Amino acid sequence: MAEILTKPKETGNATLEKAYLNFFTGGAVELVPFALEAAKQYAEIRSREQVRPADAVQLACAAAAGTDLFVTNDNRLSRIVVPAVKFITGIDRIPC
């Protein structure tokens, strides 16, 4: 959520911010807390991959939750192997 809300906050786009909040709190998406298991996954990812901390947090939370599919707008992340995440893919590869 923090990464997603950053751009609307920077640009002062309250409408987009509200749309994001509605989407992520509407029940279609499960928000995963950054707790102990995610912290352990984070340390593993950051120790072996050259990724930004924010990306590692997101991947770690996905791993801790046992996510099957992680969709990202950063195609570089699709080259990373996170054992607990079955598939990491770019949003451009998801059919509309």
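1. Contact here means heavy atoms within 4.5 Å. By that criterion, and not counting residues up to four places away in sequence, Val 71 touches Thr 89, Gly 90, Ile 91 and Ile 94. The model is a predicted one, and the points below should be read with that in mind.

2. Overall make-up. The protein has four helices and two strands. Read from the N terminus, the order of elements is α-α-α-α-β-β. The radius of gyration is 14 Å, close to the 12 Å that the globule rule gives for 96 residues, so the protein is as compact as a globular protein of that length. The C-alpha trace spans about 40 × 30 × 25 Å along its principal axes.

3. Burial and surface. Of the 96 residues, 26% are buried. The accessible surface comes to about 6,700 Å², and carbon and sulfur atoms hold 56% of that surface. Among contacts with a separation of 6 or more, 23% are between residues 24 or more positions apart.

4. Charge. The protein carries 11 positive and 11 negative charges, and the mean positions of the two sets are 2 Å apart.

5. Val 71. This residue belongs to strand β1. Is Val 71 buried or partly exposed? Its relative accessible area is 38%, and since buried means under 20% and exposed over 50%, Val 71 is partly exposed. Val 71 and Tyr 42 are 29 residues apart in sequence, and their C-alpha atoms are 18 Å apart in space.

6. Thr 72. Strand β1 also holds Thr 72. Thr 72 is buried, at a relative accessible area of 8%. With neighbours within four places in sequence left aside, its contacts are Leu 77, Ile 88, Thr 89, Gly 90 and Ile 91. Thr 89, Gly 90 and Ile 91 appear in the contacts of Thr 72 and also in those of Val 71.

7. Asp 74. Which part of the chain holds Asp 74? Asp 74 sits in the loop between β1 (69–72) and β2 (87–90). Although a loop residue, Asp 74 counts as buried, because its relative accessibility of 13% is under 20%. The side chain of Thr 72 reaches the backbone nitrogen of Asp 74 at 2.9 Å. That pair links a residue of strand β1 to the loop that follows β1. The C-alpha atom of Asp 74 is 12 Å from that of Ala 56, which is 18 residues away along the chain.

8. Tyr 42. Helix α3 (residues 36–48) contains Tyr 42. At 22% relative accessibility Tyr 42 is partly exposed. Its contacts, with neighbours within four places in sequence left aside, are Phe 34, Pro 53, Ala 56, Val 57 and Ala 60. For one of these, Pro 53, the C-alpha atom is 8.4 Å from that of Tyr 42, with the two positions eleven residues apart along the chain as a separation. Ala 56 thus turns up twice in this note: as a contact of Tyr 42 and as the partner in the 12 Å C-alpha separation from Asp 74.

9. Glu 17. Which helix is the place of Glu 17? Glu 17 is in helix α2 (residues 14–25). Glu 17 is buried, with a relative accessible area of 17%. Beyond its neighbours within four places in sequence, Glu 17 is in contact with Leu 5, Pro 8 and Lys 9.

How values were computed
Residues are numbered from 1 along each chain as its sequence is written. This is a predicted model: local features need pLDDT of at least 70, side-chain atom pairs count only at pLDDT 80 or more; totals for chains, interfaces and linings use all residues. Side-chain values use heavy atoms; hydrogens and water are left out. The radius of gyration is taken over C-alpha atoms; the globule rule is 2.2 Å times the number of residues to the power 0.38. Buried means under 20% relative accessible area, exposed over 50%, partly exposed in between (1.4 Å probe, protein chains only). Accessible areas come from the Shrake-Rupley method with a 1.4 Å probe; for residues, only the protein chains shown count as cover. Lys and Arg count as positive and Asp and Glu as negative; His and the chain ends are not counted. The place of a charge is taken as NZ of Lys, CZ of Arg, CG of Asp or CD of Glu. A polar contact is a pair of N or O atoms within 3.5 Å; within protein, one must be able to donate a hydrogen and the other to accept it, and residues adjacent in sequence count only if both atoms are side-chain atoms.
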